[in-house]
Every structure is written in C-alpha cells, then in structure tokens.
Number of protein chains: 2
Amino acid sequence: MKKVTEDYKRRVKELYEKANIVLSDSELENIDFADFGLDNIEKEALNLVVYINNERYCAKEMVLLPNQTCPEHLHPDLENKEGKQETFRCRWGKVYLYVEGEELKPDEISVTLPQENNQYYTAGKEFVLLPGEQYTINPKTKHWFQAGPEGAVISEFSSPSYDEYDIFTNPNVKREVRDR
Amino acid sequence: MKKVTEDYKRRVKELYEKANIVLSDSELENIDFADFGLDNIEKEALNLVVYINNERYCAKEMVLLPNQTCPEHLHPDLENKEGKQETFRCRWGKVYLYVEGEELKPDEISVTLPQENNQYYTAGKEFVLLPGEQYTINPKTKHWFQAGPEGAVISEFSSPSYDEYDIFTNPNVKREVRDR
Ligand SMILES: [Zn+2]
Ligand SMILES: [Zn+2]
C-alpha cells in the first residue's frame, strides 16, 4: 500500500464523525485505508474498520469519500465454505450500488466510472441507498459501489470475511489483507 | 404482549434519534417492544429493530431505556446448529453487561437488579461498555444487561437468531418472537 496522506486520513475520519459513529482509539489508529494497489486512491479505494470477524459472522463500518468507488469484485465459494454474503446498510450520505444482473451501460447509470479503470466495471443493476436503506448481495455475485457527492458511511453485516480470496475484475488489484 | 403506551414508544424512538441511528419508516413502524410477558416493561424489556436475520448472520439495533434491563438468558445449541454467538457494540449511552463466570453478588455490582424478579439473575461477571466499546458473548453462556441512567443504544452482530429457543432464567418469561 502506498503511503496515505494525513489529509486523506483526516477526511475519512471526518465522515465517521459526521455520521456520529464512535470508534475506539485503537480502531481510529487502525483504520484500513485500502487502495487495492491501484495507485488511484482518491477515486478507487475503501476505508474501513472491522468490528468483528470470527468463524461465524462479520461486521464492518466503511467510509467512501465523495464519489469514491470500491472496485468491482465477487466473493467465491471456498473449500467447505459458501461465498461471503453481505448486507450493506447506508448510515450517512448516499451509496450507488451496482450488482451483476444487468449489462452496465456507462451512459445510463447515475455515476461516472473511474476513468482510469472503467473497463473493469461490468455489473449494471443499480440500487441507490440513502440512510436507513440496505441491500443484501448474494455470494458469487459481482458488485461495486460508489459514494454520492458528500461521501458515505456504510455498515456491512455479513458471513465471515476472507478478503484474500475476493476476486476482482481488475487484474491489477492487489489487496493487502487486514481482516484477520 | 401488553399494549405498549405511545409515551413508551416515543421514549424509545428518542433514543434512536439521540444516537443518530436512521431507521426506515417501516422499521420505525415495526420496532419490537419486547416485554417478555413479565408485565414489568419499565424495568425489564428490550426494544429492537432487526436489520437482517438470515441463515448465515444477523444484525439488530437495540435500545434500553434508562436503567432498563434485558432479562438473563442463554442461547442453546440447536439441532445441527451451534448456539447463537453475539457481539454487543455500544453506540450511545452506557451498558452494564453481566456474563456467566462469576457469582452474582447484588451488593457488589454497579447496578440494581429489577426488584420484582431479582432471584432470576445469576451471572455476575461485569463489563461496562461505553460508546465504541464491544464484547462478544459465547454460545450457551448466561447473560443479561442493563442500561445506565441515560439509556443505551446497542448494535448486535451475531450468528443467526432463533429467539424462540432462547432459555431465560425466569420461568415466567414468554417471548413473543418476531425475528423471522
Ligand atoms: Zn463485497
Ligand atoms: Zn443474548
């Protein structure tokens, strides 16, 4: 992971604060500013705190900066384990979520794709989540999501996370895994 | 369940608002004001919204009014299913959580037991949770919890809920189950 600037960290923490999410000191110290090795952190990244990830369930609190995108990926079945199922609940701001099932037509969706890597976005079924709204993504289903113009804070409730096995559409992604 | 007063509902909703928890209209309409059939709702109850409860994981947002207590219970193993494991994360206010493992000495803990049913509280290992703090309770482990003087808002992340199988220490508890 490239060095993340203090300004970037400040902007992420400000969004947790705006959403009135209280984090412990050690959680604040250990926010995962994941740039997926794409060197495009202002546009493609995901910022998160893992509250709990055990053998049975997982919960995270995620932040996207304004118009920032979490790159397209899916959660495959693993040996003896069904792929991760996840529920995204918008807590603050606005999230545009795209799920496999409709062809992605860049001119017809509500957001602009990250220009540098737009060929690696394919899922086109759009869901808009405002605070208090949520959507559950089935295993093995491609998805990506982008924050609205003010950013977004999103709770994720899910089956256990094994981030190292996530399959990204963009072959250049290198996920430095911190979930265990 | 006895009829819950409008004033009671208003006080619960106020705590969600104080914690800046945004609920959808249908969630607000369907808050579960569980009195456990004890006719002692001001002192013993649990108010909750189930965000998601599927075959793999569960997430709820719970409210306790000031000094209100969720009665002692445990989550047993079920046929082919390990008992429910749950992580409580305090979002707002203060929670006193008591877990099996130390004898309960009513004069030595931080809270006052609900007088009417104090014989049905036995778990005595105390944990105090402030906003941003959390604790994970293992299956088959007795636990109960009480809010501090301002009440509390608590997120629960867990394995699936099967509330109908919960075992309460107080044999008079009748849980009207709403989790599925
Ligand atoms: Zn995902
Ligand atoms: Zn419990």
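Is A:Glu103 buried or exposed? In this predicted model, A:Glu103 comes out as exposed, because its relative accessibility is 63% and anything over 50% counts as exposed. The residue sits in strand β5 of chain A. Setting aside neighbours within four places in sequence, A:Glu103 touches A:Thr122 and A:Gly124. As for A:Trp144, which is 41 residues away along the chain, its C-alpha atom is 13 Å from that of A:Glu103.

B:Asp32 makes a nice contrast. This residue belongs to strand β1 of chain B, which covers residues 32-34. With a relative accessible area of 6%, B:Asp32 is buried, since the cut-off for buried is under 20%. Again leaving out neighbours within four places in sequence, its contacts are B:Leu46, B:Asn47, B:Leu48, B:Arg175 and B:Arg178.

Next come the metal sites, starting with chain A. The zinc ion (ligand 1) is held by A:His73, A:His75 and A:His143, each through NE2, and by A:Glu86 through OE, at 2.0 to 2.2 Å. Along the chain, these donors follow the pattern H-x1-H-x10-E-x56-H. What do the angles say about the arrangement around this ion? The 4 donor atoms subtend angles of 82 to 162 degrees, so the arrangement is irregular. For a tetrahedral label, all angles would have to lie between 85 and 135 degrees. A:His75 is found in the loop between β4 (69-74) and β5 of chain A, while A:His143 is in strand β8 (residues 143-158), so this pair ties together parts that are 68 residues apart in sequence. Both A:His75 and A:His143 are buried.

Chain B has a zinc site too. Here the zinc ion (ligand 2) has B:His73 (NE2), B:His75 (NE2), B:Glu86 (OE) and B:His143 (NE2) as its protein donors, 2.0 to 2.2 Å away. The spacing of these donor residues in sequence reads H-x1-H-x10-E-x56-H. Angles of 81 to 162 degrees between the 4 donor atoms make this arrangement irregular. B:His73 is part of strand β4 (residues 69-74) of chain B and B:His143 is part of strand β8 (residues 143-158), so the two of them tie together parts that lie 70 residues apart in sequence. B:His73 and B:His143 are both buried. One of the donors, B:Glu86, also pairs up with B:Lys84 in a salt bridge, with N and O 2.6 Å apart. Both partners of that bridge, B:Glu86 and B:Lys84, are buried.

So how do the two chains meet? Side by side, chain B and chain A each put 30 residues into the contact. The size of an interface is often given as the accessible area lost when the parts come together. For chain B and chain A, the buried area is about 2300 Å², and carbon and sulfur atoms supply 46% of it. On the chain B side, B:Arg56, B:Tyr57 and B:Arg91 lose the most area to chain A, together making up 31% of what that side buries.

Plenty of charged and polar pairing shows up here as well. Between chain B and chain A there are 6 salt bridges, and 18 residue pairs are in polar contact. The elements of chain B that give two or more residues to the side touching chain A are β2 (46-53), β3 (58-64), β5 (86-103), β7 (134-137) and β8. Of these, β5(B) gives the most, with 4 residues. One salt bridge across the chains joins B:Glu61 to A:Arg91, with the closest N and O atoms 2.9 Å apart. Another joins A:Arg56 to B:Glu82, at 3.9 Å from N to O. That pair runs from the loop between β2 and β3 (58-64) of chain A, where A:Arg56 sits, to the loop between β4 and β5 of chain B, where B:Glu82 sits. A:Arg56 counts as buried because its relative accessibility is 18%.

Over all chains, the count comes to 30 salt bridges. Within chain A, A:Lys43 pairs with A:Glu116, the closest N and O atoms being 2.8 Å apart. This link connects distant parts of the chain, 73 residues apart: A:Lys43 is in the loop between β1 (32-34) and β2 (46-53), and A:Glu116 is in the loop between β5 (86-103) and β6 (123-129). A:Lys43 is partly exposed, with a relative accessible area of 36%, and A:Glu116 is partly exposed at 40%. Elsewhere, A:Asp7, A:Arg10, A:Arg11, A:Glu14 and A:Glu42 are joined in a network of salt bridges.

Key:
Residues are numbered from 1 along each chain as its sequence is written. Chains are lettered from A and ligands numbered from 1 in the order in which they are written. This is a predicted model: local features need pLDDT of at least 70, side-chain atom pairs count only at pLDDT 80 or more; totals for chains, interfaces and linings use all residues. Side-chain values use heavy atoms; hydrogens and water are left out. Donors are N, O and S atoms within 2.8 Å of the metal (3.2 Å for Na, K and Ca); water is not among the atoms, so sites may look incomplete. Four donors count as tetrahedral if all angles lie between 85 and 135 degrees; four count as square planar and six as octahedral if opposite donors are over 155 degrees apart and all others between 65 and 115; anything else is irregular. Buried means under 20% relative accessible area, exposed over 50%, partly exposed in between (1.4 Å probe, protein chains only). Contact means heavy atoms within 4.5 Å. Buried area is the accessible area (1.4 Å probe) that two parts lose on being put together, summed over both. A salt bridge is a side-chain nitrogen of Lys or Arg within 4 Å of a carboxyl oxygen of Asp or Glu. A polar contact is a pair of N or O atoms within 3.5 Å; within protein, one must be able to donate a hydrogen and the other to accept it, and residues adjacent in sequence count only if both atoms are side-chain atoms.
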